[in-house]
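Please open the structure in a viewer and keep the selection panel at hand. The stops below are meant to be taken in order.

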Amino acid sequence: MRHHHRLTPLLYLLPNLTGFAIFVLIPVAAALVLSFFRWDLFHPPKFVGLDNFIDLLGWRRDAEGVIHLNDAGFWKYLYNTLYLMLAIPITMFCSLVLAVLLNQKLPGRMFFRSVFFLPNICAGVGLLLLWKFLYNNDFGLINHMLAWVGITGPDWLNSYNWSKPALMIIMIWGSMGGTGMILYLAGLQGIPPELYEAAEIDGANVLHRFRHITIPMLAPTTFFIFITAVIGGFQGGFDMAYILTKGGPDGATTTLSYYIYNHAFEYFNMGYAAALSLVLFALVLFVTMLSWRFGRGATE
Amino acid sequence: MPMEQKQSVATRTSIYLALIIVGASMVFPLVWMLSTSFQKPGTDVMDLRSLLHGALEWRNYQRIWSGTNFARAVYNSALVTVCVTIAQLFTSTLAAYAFARLQFRGRNAIFMGYLSTMMVPDVVTMIPVFILLRTMGWIDTYWALILPAAFSAYGTFMLRQFFLSIPRELEEAAVIDGCTSWGIYLNVVLPLAKPAIAALGILTFMSSWRSFMWPLIVCQSQNMVTAPVALSQFQELHGVQWTLLMAGSVIMLIPMLAVFVIGQRFFISGIQLGAVKG
Amino acid sequence: MAAKKQPRSSQEEDPRGLGWLLGVIIAALIGGWFVVGPGADPPADPQRPIKLVMAVPADQADLVIYKQVIARYEAEHPHVAVEIRAIPGNNYYQKLLVMLASGLPPDLMWMGEGFAEFASRGAFMDVGDRLDQDVDTSDFLPQALQWYRIDGQQLGAPYLIDVQFIVYNKKLFDEAGLAYPRDDWDYDEFLADAKKLTVDRGGDGRIEQYGYYGQLDMSVFGAQPISEDGTHATCQTPAMMDFLNTNRSLFNTFHVSPSPQQITGSGSDVYTIFRQGKAAMMIAYTWDLPYLREQCADVDWDITLNPKVNQRGQWASSAAILISSKTRHPAEAWELNKLFLGADFQLRMCEDGGLPPNLSVARQLVAQNRHKPANLQALIVAREFLYPKPRIANSAELYSQFYNACDTVWMGTATPAGAMDRAQRQITWLINRHQERGE
């Protein structure tokens with residue numbers, strides 16, 4: 001492999017790179033450049049320098065000297081987004097456990113894999129409205145069940161404090177058998193069974209083998225799932241919030257992606273939406289670089 | 001040995017129990033959707049008792065099929081999805097191989113460039129892509145539906161990670177045998193990465209099959225509409241009718257279920273070091 | 001040699017079977033191509049060199065009517081072809097914006113609540129002169145025409161006015177021994193009725209039947225978070241405090257209605273709640289009428305107007321077909337647009353629910369009404385008190401600040417005064433920012 005021709009890699013990259021450059025790179029660059037413009041979608045974009053970023057990240061003092069953030073909403077929605085992303089490690093752990101269980105030579109494992117994947121297939125308006133019904137304070141199943149064990153359930157989706165955990169539960173339930181499980185299943189196939197056999201001869205028990213073979217061997221997969229989940233998490237939460245809570249109450253379930261959508265297509269501030277996206281982009285890039293450093297073993 | 005057998009029976013039972021309990025909650029929505037899709041219009045679908053009547057209203061399905069050229073929309077969706085999936089798998093495996101195994105200048109920089117495009121939300125790239133396709137004269141053609149989805153950083157990144165985990169010994173043996181990089185790609189890497197390629201295939205198929213926003217934006221004439229868009233038009237044509245909505249959703253999920261059931265058959269151990277040594 | 005190196009393929013997969021399957025799928029797709037034909041539109045009809053594109057939300061009943069109008073138009077104008085784009089309503093404005101922003105605007109477009117924001121950005125053609133010349137607007141409600149006049153330009157006229165009202169269940173009024181509400185009732189009568197109609201069986205705090213399901217609209221208080229001209233926030237007026245305090249007392253003190261949070265969070269739709277008798281009175285809008293007729297057919301219901309609190313008022317909105325300022329065929333587009341201003345069209349579009357802006361058409365609609373509600377006349381009475389949202393260029397953005405602040409009052413995490421202080425400050429800042437930027 002060290003002996004290939006200088007241009008060989010180009011041949012492999014060309015089919016993807018050409019399409020990618022045209023249909024992804026150019027639009028992304030255009031979108032990021034827009035963040036230095038104001039654009040209401042009707043008139044030609046107007047260059048405004050850093051104005052959008054001042055409105056977004058800056059602050060001001062009122063007459064009494066009290067400091068107000070220019071866009072208090074942004075910080076709140078950033079917090080919401082990060083809060084909801086706490087579901088990522090939990091989901092990943094559940095996915096890993098499921099994948100390991102369903103990789104055993106259990107009879108019916110094909111059936112169970114499909115069962116756990118079902119929420120991903122059924123995902124949509126109907127499924128979310130079913131959850132809305134389950135969360136209902138008056139007649140929802142969840143609070144009924146909590147009442148049996150003597151707990152007065154909160155009014156999940158209408159409460160400032162409980163609406164986010166409510167959404168997280170849906171996220172974990174819905175995606176633990178999804179992408180993560182599939183990728184872990186695929187990753188598990190790449191572990192040579194000889195490694196387990198050798199470890200067994202050495203007397204390693206199940207947990208040992210899990211810690212010392214499965215987890216390290218799955219590191220590249222875990223890294224991929226983590227990075228894409230973080231990227232997705234920063235951009236996620238729109239559908240769920242749109243259907244279940246409209247981003248409320250008082251913006252408690254509004255995520256950055258929801259806010260960007262609003263600015264782009266409800267508030268006629270496409271330039272501001274682009275600025276938001278650029279800030280988001282910088283954040284995600286930073287987190288990714290950080291994970292890249294710490295996850296070196298999984299990336300090289 | 002008998003000791004171990006016994007343990008394994010106990011663990012298996014508890015594993016099954018856990019799987020069944022969690023699994024039941026995941027089957028429930030499907031049962032609810034199926035049951036709702038066979039109810040008479042106007043049934044209170046949130047009243048679970050009414051769903052136990054066992055009504056069999058095929059009319060919901062008939063109405064959808066005869067609705068605003070739904071068959072055409074399903075054909076469009078199938079064509080676009082198959083093309084996108086094949087294109088993705090083809091271009092992603094090649095690029096991922098280059099990123100994982102070939103040495104060239106600027107490899108990491110280009111790869112980070114790939115990755116970073118995933119970090120910009122679709123909402124703001126939508127209009128630039130649309131303008132791009134308009135200047136190419138492709139609005140309202142299959143190209144507009146297929147091309148923007150056919151080259152993703154996601155697939156390349158994912159396969160790269162899997163290729164990295166393939167033991168290098170396998171390839172080194174092939175090099176000694178005089179294989180070119182193309183030969184290694186074709187005969188060693190691709191066969192070993194089958195589970196990963198299957199996984200990417202399933203995920204791409206699903207996301208393309210139910211993609212809604214982009215087709216909605218880019219389809220202009222009724223002839224180019226895809227199934228999710230047609231369904232959403234159809235639902236609004238009839239107010240929100242749960243029974244119709246669910247019948248439509250059931251039609252939509254059949255291909256996804258089929259692809260998953262077929263695709264997961266590839267989640268079978270592919271790597272056996274012994275095969276190389278022998 | 002490669003064969004030796006290849007890993008053993010497992011028994012569970014059968015690559016040849018999969019290859020066959022793939023082959024069949026591809027063959028089916030290619031075969032299907034010949035059956036359904038290539039994707040894009042059939043080639044333009046050489047007989048009709050001018051093509052008009054009209055964007056409307058996908059709604060079956062309306063589409064049928066649009067198509068009839070267009071068929072009539074195409075028969076009279078053999079050189080014009082009209083293509084209708086039915087867009088799912090939830091994404092209507094988004095798709096329209098992409099079309100406008102990328103230079104492919106439709107020639108005619110439907111407009112509802114989004115009108116002011118599109119109009120203030122110059123999306124529509126001034127049709128004032130043509131309207132004066134070709135359409136008899138003498139019977140039009142003057143305010144309905146006024147709503148479509150922006151910066152001295154008449155951008156069109158509505159074909160339908162949406163009006164908010166209260167729908168009530170007659171049987172539940174009978175059971176409580178109450179007379180049905182009059183259109184000119186006041187707040188005290190409303191509250192007394194609502195209290196008597198609220199049923200808490202067993203006294204467990206779980207209310208089985210609400211007297212009123214909804215909020216009293218801002219219009220009856222004369223409240224408005226932003227001034228009519230959009231130049232300043234008006235969140236801290238006494239009227240606004242009345243709006244917040246009164247509505248809060250409805251669910252907090254008197255328990256006659258669920259809180260706004262409970263209503264938005266409920267999984268069931270309002271028609272089910274009304275049908276099941278869980279609400280004796282309910283806030284409703286003209287667009288609810290077809291669903292009330294269909295889904296609540298076995299309920300004996302009628303409608304009434306909002307009670308007078310500080311003043312009479314009915315929330316209102318309107319819908320129109322307007323011509324794009326970018327159209328290349330203004331004359332042809334106007335000829336088509338004229339048909340959407342006529343009495344026939346208004347009558348047909350409003351049959352399912354809506355107040356025709358033309359008063360004589362409205363009277364005709366009421367006279368020929370054979371369905372529920374019996375009191376359709378109330379809509380005509382309401383014309384005196386219509387209370388639309390101010391037409392402001394950035395209304396969605398500014399209002400979101402106000403609604404968020406209202407949420408805190410409904411949740412009980414802020415006092416009305418505190419919440420409105422916040423809303424006032426943020427809206428003021430946003431207005432100033434937009435003005436500084438010259439928008």
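The tour goes from one chain to the interface between chains, and then to the domains.

This is a predicted model, in which local features need pLDDT of at least 70 and side-chain atom pairs count only at pLDDT 80 or more, while totals for chains, interfaces and linings use all residues. Residues are numbered from 1 along each chain as its sequence is written, chains are lettered from A and ligands numbered from 1 in the order in which they are written, and side-chain values use heavy atoms, with hydrogens and water left out.

**Stop 1: chain A**

Select chain A and show its C-alpha trace, which spans about 75 × 70 × 40 Å along its principal axes. Colouring by secondary structure gives 16 helices and four strands (DSSP runs: H or I of at least four residues for helices, E of at least two for strands, numbered from the N terminus). Of the 300 residues in chain A, 57% count as buried (under 20% relative accessible area, 1.4 Å probe, protein chains only).

**Stop 2: chain B against chain A**

Next, select the residues of chain B in contact with chain A (heavy atoms within 4.5 Å). The selection holds 95 residues of chain B, facing 90 residues of chain A. Between them the two chains bury about 8300 Å², 79% of it on carbon and sulfur atoms; buried area is the accessible area (1.4 Å probe) that two parts lose on being put together, summed over both. On the chain B side, L19(B), M26(B) and M119(B) lose the most area to chain A, together 9% of what that side buries.

α1(B) gives the most to this side of chain B, with 16 residues. By class, the side has 70 nonpolar, 18 polar and seven charged residues. Nonpolar here covers Ala, Val, Leu, Ile, Met, Phe, Trp, Tyr, Cys and Pro; charged covers Asp, Glu, Lys and Arg; the others, Gly among them, are polar.

How many salt bridges are there between chain B and chain A? The count is zero (the rule asks for a side-chain nitrogen of Lys or Arg within 4 Å of a carboxyl oxygen of Asp or Glu).

**Stop 3: the two domains of chain B**

Now split chain B into domain 1 (2–59) and domain 2 (61–277); the bounds come from an automatic or database domain assignment. Here 15 residues of domain 1 of chain B are in contact with eleven residues of domain 2 of chain B. About 1100 Å² is buried between these domains, and carbon and sulfur atoms give 76% of that area. To finish, select M33(B), S37(B) and R59(B): in domain 1 of chain B they lose the most area to domain 2 of chain B, together 41% of what that side buries.

Definitions and conventions: Buried < 20%, exposed > 50% of the residue type's maximum accessible area, 1.4 Å probe, protein only.
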